Amino acid sequence: MPPSISAFQAAYIGIEVLIALVSVPGNVLVIWAVKVNQALRDATFCFIVSLAVADVAVGALVIPLAILINIGPRTYFHTCLMVACPVLILTQSSILALLAIAVDRYLRVKIPLRYKMVVTPRRAAVAIAGCWILSFVVGLTPLFGWNRLGEVERAWAANGSEGAPVIECEFEKVISMEYMVYFNFFVWVLPPLLLMVLIYLEVFYLIRKQLSKKVSASSGDPQKYYGKELKIAKSLALILFLFALSWLPLHVLNCVTLFCPSCQKPSILMYIAIFLTHGNSAMNPIVYAFRIQKFRVTFLKIWNDHFRCQSAPPVDEDPPEEGPHD
């Protein structure tokens with residue numbers, strides 16, 4: 001007989017479903033926009049597609065699995081562990097995609113004249129593949145042995161039970177907090193976030209430095225180039241800020257769990273932290289629509305062409321801006 005669902009669980013499931021219904025179509029729209037608009041084909045937008053793929057997977061895979069775990073099914077240990085790992089993979093993929101985007105924007109303003117020679121489509125594809133491979137390695141580390149199987153087996157044997165342990169599937173019952181804090185947070189989340197902050201500070205410094213130069217008759221093109229770079233950098237820095245705001249509370253709660261086992265964590269705080277992490281996957285398309293004109297115009301064209309049966313004006317498909325000329 002399936003476990004009964006309380007009113008609180010029903011509310012939780014309703015909010016999670018709402019997040020998924022915003023996240024999946026929104027991020028599919030981002031991928032679609034890059035596909036149909038030639039002007040969205042540079043390396044930055046390829047990394048944005050990688051980020052959108054991770055966010056689609058959060059809505060389509062992680063949220064249903066989170067709902068399943070919340071209902072509390074009894075499963076074998078390794079089955080529960082496999083349910084818990086996808087969120088680790090996708091979080092890491094998002095962080096590495098954000099880092100790749102930050103590095104790409106830095107190169108655009110640091111070496112604008114050589115940028116296209118350095119950041120080729122092939123190198124961007126290799127970087128994206130590398131990010132996903134590394135994400136799988138980091139996210140699947142618990143399956144390789146860094147988990148709580150030993151504790152669960154000892155408790156299972158102490159109860160006189162035999163065979164493979166069956167548990168009520170919960171994230172903290174299978175994932176080691178040492179892994180989550182020392183390895184995941186202190187190595188693969190916090191340092192990349194701090195590095196990205198430093199990169200964006202340098203990007204803003206370089207852009208402001210270029211824009212503060214005296215404007216001459218021949219410098220209109222560089223001024224226009226760096227003006228556009230500043231606007232896009234602000235939008236992408238906002239994406240980074242929202243990611244940090246969404247994920248840091250949960251990692252802080254994990255630190256409390258590890259360093260203060262006797263401390264009580266109000267369940268409402270944990271639910272809010274989980275909603276923030278899942279909700280982050282729905283935020284990015286909204287930011288793109290409001291902050292990046294090329295996305296906004298392409299979103300409207302897709303909407304008019306495919307959902308309103310009304311043709312929109314052609315999308316501006318000029319090639320991505322060149323660097324400033326000498």
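A residue counts as buried when its relative accessible area is under 20%, as exposed when that area is over 50%, and as partly exposed in between. The exercises below apply this cut-off, among other things, to a predicted model.

**Exercise 1. Determine whether Glu 229, Arg 105 and Asp 104 are buried or exposed, and describe the salt bridges that join them.**

Step 1. Glu 229 has a relative accessibility of 3%. Because this value is under the 20% limit, Glu 229 counts as buried.

Step 2. Arg 105 has a relative accessible area of 1% and is therefore buried. Asp 104, at 2%, counts as buried by the same rule.

Step 3. The salt bridge between Glu 229 and Arg 105 has its closest N and O atoms 2.9 Å apart. This pair links distant parts of the chain, since Glu 229 belongs to helix 10 and Arg 105 to helix 3, 124 residues apart.

Step 4. Arg 105 also forms a salt bridge with Asp 104, where the closest N and O atoms are 3.8 Å apart.

Step 5. These residues belong to a network of salt bridges that links Asp 42, Asp 104, Arg 105, Arg 108 and Glu 229. In the whole structure, the search finds seven salt bridges.

**Exercise 2. Establish which parts of the chain are linked by the salt bridge of Glu 172 and Lys 265, and classify the accessibility of each partner.**

Step 1. The side chains of Glu 172 and Lys 265 meet at 3.2 Å, N to O. Glu 172 lies in helix 7, while Lys 265 lies in the loop between helix 10 and helix 11; the two are 93 residues apart.

Step 2. Glu 172 has a relative accessibility of 29%, and Lys 265 has one of 25%. Both values fall between the 20% and 50% limits, so Glu 172 counts as partly exposed and Lys 265 does as well.

**Exercise 3. Describe the largest pocket through its volume, its lining and the helices that supply the lining.**

Step 1. The volume of the largest pocket is about 870 Å³. Its lining comprises 32 residues, of which Ile 69, Phe 171, Glu 172, Met 270 and Ile 274 are the closest to the centre.

Step 2. By type, the lining residues are 19 nonpolar, nine polar and four charged.

Step 3. At least two lining residues come from each of helix 2, helix 3, helix 7, helix 8, helix 10 and helix 11.

**Exercise 4. Characterise helix 2 and helix 3 by their span, their kinks and how far they are covered.**

Step 1. Helix 2 contains 29 residues and reaches 41 Å from its first C-alpha to its last, close to the expected 42 Å. Helix 3, with 34 residues, reaches 50 Å, close to the expected 50 Å.

Step 2. A kink of about 40° is centred on Val 58 in helix 2. In helix 3, a kink of about 25° lies at Ala 84, shortly before the proline Pro 86.

Step 3. Helix 2 is mostly covered, with 21 of its 29 residues buried. Helix 3 is likewise mostly covered, with 27 of its 34 residues buried.

Step 4. Just after helix 2, Gly 72 adopts a positive phi of about 85°.

Notes: Residues numbered from 1 in each chain as written. Predicted model: local features only at pLDDT ≥ 70, side-chain atom pairs only at ≥ 80, totals over all residues. Heavy atoms only, no water. 1 Å grid on protein atoms, 1.4 Å probe; cavity = no way out; pocket = protein on both sides within 12 Å on 5 of 7 lines; lining within 4 Å. Points joined across faces, edges and corners; volume = space filled by probe spheres on them. Helix = DSSP H or I, 4+ residues; strand = E, 2+ residues; numbered from the N terminus. Nonpolar A, V, L, I, M, F, W, Y, C, P; charged D, E, K, R; others polar. Expected span 1.5 Å × (residues − 1). Bend = angle between axes of the 7 residues up to and from the residue. Buried < 20%, exposed > 50% of the residue type's maximum accessible area, 1.4 Å probe, protein only. Salt bridge = Lys/Arg side-chain N within 4 Å of Asp/Glu carboxyl O.
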